[in-house]
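Got the viewer open? Load the model, switch to a cartoon view, and keep the selection box handy. We'll hop from stop to stop.

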Amino acid sequence: MQKHTDFSAFTEISPVAAIDPTRHGWRAKCLQRLVRLDLPVPPTMALPADTVRAIAAGQMPDTERLAAFFNGALVSIRPSPANPDWGGPTTVLNVGMNALKHAEIRDRHGKALADAMYLSFVQAYAINVARLDPDMFTAEPSSEAVAAVLAAYEAEMDEEFPQSPARQLAEVLRSMARAWEGTTARLLREAKGAPADAELGLVVQEMAQPFGPGLSGQGTIQLIESVTGSPQVTGRFRGHNPANRKAEETLYLVKDKRGHSLEEAAPEVFAELQKHCANCRTRLREEMQVEFALENGTLYVIDAVRVQRSSRASVRVAVTMANEGIISRDEAILRVEPRALSDLLHYQIDPRGPRDRVAKGIAASPGAASGRIVFTAAAAQASAARDERCILVRRETAPEDIRGMHAAVAVLTERGGMTSHAAVIARGLGLPCIVGASDISLNQRDKTFTTRDGRSFGEGDVITVDGTNGEILAGAAEMLEPALDEWFRTLLHWADNVRDIGVRANADTPDDARTARMFEAEGIGLCRTEHMFFDEDRLTVMREMIFADTQKDRKVALDRLLPMQRADFGALFDIMAGLPVCIRLFDPPLHEFLPHDREGMRELAEALDRPQSEVIRRVEALSEFNPMLGMRGVRLGITMPEIYEMQARAIFEATVDVQRRGIRIVPEIMIPLVSAKREVEIVKTSIDGVAAAVRTAAGMDFDYKLGVMVETPRAALRAGEIAHHAAFLSFGTNDLTQMTYGLSRDDAGRFMGDYVQKAVFPEDPFHVLDEEGVGEFLLIGSARGRRTSPDLTLSVCGEHGGNPTSIAFCRKSGFDYVSCSPFRVPVARLAAAQFALLDPRPNPENA
């Protein structure tokens, strides 16, 4: 037998009612605020979460009393979770519709409208409440259709369609309550950030009937354009014609030469709607979309929700409201999701245009671009030379593809993860990039790729890469331009005034440095000098140095590279204009600069004027079983000291050059892949000697700082003794994560999705800093380093430096700055400001 329990189970929404958003949900609270603003809201009841939970367990409140409150009016039942983003069960309209109501509407407004309303309700009830087969309830409105669906319901349920409004209310409430508790619904809302135990409120509201002899209908209105955020009355109004439903007309809201408008048909109503929207904006401190109904010329406000908006609109709205005094600057900072800023820095696909999606991968670098497909770096360079936009498609990229990536407008790889080579380089260049696109099958020989549905794309075909959401589209999509406008700049300047951790950029080239300055980075936190050697003219000289048989021959090649490096560093110093520049000495294994296919080796043999067999032997001799753990970083600097000596000389000579032109610079030199104090001592002695020689030759003094890139667990553990010889420690969290996990970041994408889904890892540790493991090495290393040297500068310069969650960890841990790709600098600036506002009293564990 059905249990009926009354907890004072529902509350009428009034100005003084005890409506709690955590119990009754966001919709109930919003409706109460509309009532308090004297908006014409129909009578509404709110059911709190404990009532809904009891209903799901079979304990039903007194629906007879609930139905009596509405006195025979039709009602709607809508979900009201604590957060609107969590969704909820499908709204059910016209609850209470039965044979008597059908007759009443027929007598007042005609048989056609009565049949249409009854049919629509029976269909919705059968499908969403009784959970019957939708195919049994598809019919166009007519008397015969109403009779048919009622008969189908009776045949399936062995009972007549319920005529009691109280019974209908009970069944709809039970269905919605149980739907919220279902596994699928729970997983969907958890994917949107809801906790596992998120609760649901329900709202029962008398329906305004949008029909009558006067102007009737329903619609929505808002005061901004959702994509740009610019002021613009936007929405729709669908007028109802009970005598002829085919004659129903969708009106524009404002006067429009393309058709009739609500402003012309009912100027007083249109003015009242605008006033209500403006009132909501000011009093609710938000841009709201108002849902309304006109019943025979009388206006009712049904609901109001926050306007759905793009990232660029979010920034403009927040800054505009702060400038108008509706919200504070601090609140404006907190209202914009930091990651959303990435959308403003690049071209984006216009959400209002069509999308022909053919495949999906991992969104590795935001932005969107259209271009012709190319499959090699050389083809990309040739395309750029013809001024043709191209998209580089590779199974995975390698260092020799960097020139092709520079030439392309986007990159797509079949393999890889968030910290694969393609992803890291693309983020640094600001290129849209999708990696791990397992939906495509690449045939490099035929220069084609095939999607899962059998569509084939070849060289020269046009596609669009959407690096923001990981979608690959056929053809050229419509684009929105970047929005580095006054609202963007204003918001970030407000953020800079409150944040308390520095933000630098990783920049390897003058173009990177200019981008860093454009986004107002406070310096360069990581300059990877190896990227300077992949230009065509330098690569040949670099290979000559690698093939040199003696130290003397190596120095001859390095002497040719010296002026190139000096010019590189001088350009960076000029662009940064006195801001700090941290230069990492040569890091990668030498084999990365050598070709790996027979054709490349033949060309190298020709360039070096050596037998191809000798080139092949040398390439094989330099190959390693695990090159990322082999002869690289400081190990090269110790075994081939002339490489680091050349780089140090180039840095110091560039410093002298810019200081003579009035730019004060203190270069920061960073030693990579350190694991022992003695490595630092050896390199420091060598670099100090080069500095002394340059000072003597130039007749000018200069300062510099020497530091260590902490990338190995041992360096973190021995940071106390390493700090005796270092002015700073910069934690390279990319390699530190690899070595902590014993996991290659380039291969992790093959299984990382399964690991996260099965809760082996809470997040991809190459994307979000692993605070429990890698983070502990950061805490140990920073604490031991500062115990030796209290003024030691601490930073993070891996990809995690641009991740908001990782920035929060670094800030709490007392780090001085983070460094990230230039295009992630705005994200880091805003995230750092938000953490400073939310936690104004940092408590460093190692300060």
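Before the first selection, a word on names: helices (H or I, at least four residues) and strands (E, at least two) are DSSP runs, numbered from the N terminus. Residues are numbered from 1 along each chain as its sequence is written. Keep in mind that this is a predicted model, where local features need pLDDT of at least 70 and side-chain atom pairs count only at pLDDT 80 or more, while totals for chains, interfaces and linings use all residues, and that side-chain values use heavy atoms, with hydrogens and water left out.

**The whole thing**

Zoom out. The protein has 33 helices and 33 strands, and its C-alpha trace spans about 105 × 60 × 60 Å along the principal axes. Of the 847 residues, 55% are buried; buried means under 20% relative accessible area, exposed over 50%, and partly exposed in between (1.4 Å probe, protein chains only). Switch on a surface and you get about 35,800 Å² exposed, 49% of it supplied by carbon and sulfur atoms; the areas come from the Shrake-Rupley method with a 1.4 Å probe, and for residues only the protein chains shown count as cover.

**Stop 1: N94 and its sheet**

Select N94, which sits in strand β6 (residues 92–95). Is N94 buried or exposed? Its relative accessibility is 12%, so N94 counts as buried. Contact means heavy atoms within 4.5 Å, and beyond residues up to four places away in sequence, N94 touches L74, V75, M117, F121, M207 and Q209.

Now colour the sheet around N94's strand. Two strands pair if DSSP finds at least two bridges between them. Here 5 strands make an open sheet in the order β2-β3-β7-β5-β6, with antiparallel pairing. β2 (11–12) and β6 are the edges: each has a single partner strand, so one side of each lacks a neighbour in the sheet. Strand β5 (residues 75–81) pairs with β6 in the antiparallel sense over 2 bridges, and V75 has V95 of β6 as its bridge partner. Add helix α2 (residues 26–36), which packs on the sheet, touching β3 (44–47), β5 and β7 (200–206), with its direction at about 115 degrees to that of β5. Such angles run from 0 to 180 degrees between N-to-C directions, and axes are lines fitted to C-alpha atoms, for helices over the stretch in contact. Helix α4 (residues 63–70) lies across β2, β3, β5 and β7, running at about 40 degrees to β7.

**Stop 2: a helix pair**

Show 165–191. Helix α8 (residues 165–181) packs with helix α9 (residues 183–191) at an angle of about 60 degrees, their axes 5 Å apart. That makes α8 oblique to α9; angles under 35 degrees count as roughly parallel, over 145 as roughly antiparallel, 65 to 115 as roughly perpendicular and the rest as oblique. For sticks, pick A179, W180 and E181 of α8 plus T183, A185, R186 and R189 of α9, which make the contact.

**Stop 3: strand β8**

Next comes strand β8 (residues 217–224), mostly covered, with 7 of its 8 residues buried. β8 pairs with strand β9 (residues 231–239) in the antiparallel sense over 7 bridges, and I224 has P231 as its bridge partner. The two strands form a hairpin with 6 residues between them, and G229 in the turn has a positive phi of about 80 degrees. β8 also pairs with β11, antiparallel over 5 bridges; try T220 and its bridge partner E291.

**Stop 4: R285**

Which loop holds R285? R285 lies between α11 (267–283) and β11 (288–295), and its partners in contact include M321, I326 and E331.

**Stop 5: the barrel**

Colour β26-β27-β28-β29-β30-β31-β32-β33: a closed barrel of 8 strands with parallel pairing. Neighbouring strands are turned by 25 degrees against each other on average, direction ignored. Strand β28 (residues 581–584) and strand β29 (residues 668–671) pair in the parallel sense over 3 bridges, and I583 stands opposite I669 of β29. Helix α33 (residues 825–838) packs on this sheet, touching β26 (502–506) and β33 (817–820).

**Last stop: helix α20**

Finish on residues 536–547. Among the buried residues of α20 are R538, L539 and F547, and its buried residues pack against α16 (402–407), α21 (551–576), α22 (598–608), α23 (612–622) and α25 (641–660).
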